[in-house]
Amino acid sequence: MSYQIELRHLHYFLAVAEELHFRRAAEKLFISQPGLSTQIKQLEVALETPLFVRDKKKVQLTTAGVYLKGEVEFLLNHLEQTKKQLRHIGAGYLGELRIGFLGSAMQQVIPNLLVRLKAQNKGIRTSLEELSNSAQLNALSKDRLDIGFVRLKRVPPALQIKPVFEDTFSVVLPKDHDVTSKNFRGMNQFADEDFILFSQEYSPLYYDTVMSICESAGFSPKISHKSVHAHTIFKLVENTLGIAIVPTALQFGFDMQVKFIELKRIKQRAVLSAVWKTDNRNPVLKPCLDLLLYTDYS
């Protein structure tokens with residue numbers, strides 16, 4: 001007997017692939033467990049390959065199942081995005097541009113981009129999501145984002161990357177710290193300080209760059225705290241729990257009892273890059289790229 005694959009089969013498969021448990025997946029889908037098992041069996045027959053290995057203790061994906069899970073996630077996401085774009089187009093817009101970003105991109109690059117984009121293309125809607133570098137790459141690869149703003153040197157082959165803003169670094173100190181811009185001589189003055197850094201998982205390139213700034217000054221920093229949010233880092237500095245090194249642009253937009261000393265003489269720079277998927281089919285991505293590639297944000 002042959003079966004035709006229908007959209008419900010893919011939804012049912014994905015639920016089981018995520019739960020790896022037929023009862024829980026059935027409850028999630030509001031259908032009976034025997035009914036779900038029947039639907040999965042129909043899908044396996046139609047595809048002519050087993051998708052799950054089942055025994056009394058556990059359910060596991062086969063190699064084919066692992067592959068199908070990724071493809072189904074992509075297909076269902078693409079279908080949902082297509083429906084969303086059609087709603088925007090039906091409402092008179094050209095479509096929606098989904099933007100991922102690191103917090104520092106919001107200080108200058110993204111606000112400037114959005115203002116220019118709105119001025120030149122009033123029919124484009126935008127949505128923003130603050131994500132780590134790795135989360136942005138994952139979302140881009142699965143077509144959940146159209147463009148991201150990251151601090152990375154390299155990206156997977158399916159993606160393109162373009163530096164759009166180069167910034168200096170600044171050391172962040174409590175307001176009443178003894179070192180000032182007038183008596184600052186170099187980072188070696190902070191060799192005995194505790195450091196507060198952005199998490200390595202959030203931005204590995206930033207983390208490694210900050211480490212190299214300290215190592216170039218002859219010491220390895222003592223790291224007391226890590227965070228993924230600039231506000232948290234500045235709050236810890238404000239409360240004298242350590243000092244930090246951040247891209248200089250991050251000093252704007254915060255009203256806290258900290259001071260910034262720009263590190264103008266070091267070679268390290270904070271480079272923000274735009275990244276997008278080469279075969280992205282969203283028509284509103286091109287106007288955004290045209291602005292990015294021909295706009296100086298420095």
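User: How do you know what classes of residue make up the lining of the second largest pocket?

Analyst: Each residue is sorted by a fixed list, in which Ala, Val, Leu, Ile, Met, Phe, Trp, Tyr, Cys and Pro count as nonpolar, Asp, Glu, Lys and Arg as charged, and the others, Gly among them, as polar; by that list, the lining holds 7 nonpolar, 4 polar and 5 charged residues. The model is predicted, with local features needing pLDDT of at least 70 and side-chain atom pairs counting only at pLDDT 80 or more, while totals for chains, interfaces and linings use all residues. Residues are numbered from 1 along each chain as its sequence is written, and side-chain values use heavy atoms, without hydrogens and water.

User: What makes the space of about 400 Å³ a pocket?

Analyst: A pocket is an open set of points, on a 1 Å grid over the protein atoms alone, with protein on both sides within 12 Å along at least five of seven lines, and its lining residues have an atom within 4 Å of a point. The volume is the space filled by probe spheres set on the points, which are joined across faces, edges and corners, and for the largest pocket this comes to about 400 Å³. Of its 18 lining residues, His-78, Gln-81, Thr-82, Arg-281 and Asn-282 are the closest to the centre.

User: Why is H4 called a helix, and how many residues does H4 give to this lining?

Analyst: Helices are DSSP runs of H or I with at least four residues, and strands are runs of E with at least two, numbered from the N terminus; H4 spans 63-90, and therefore satisfies the helix length cut-off. H4 supplies 7 residues, the largest share of the lining of the largest pocket.

Technical notes
1 Å grid on protein atoms, 1.4 Å probe; cavity = no way out; pocket = protein on both sides within 12 Å on 5 of 7 lines; lining within 4 Å.
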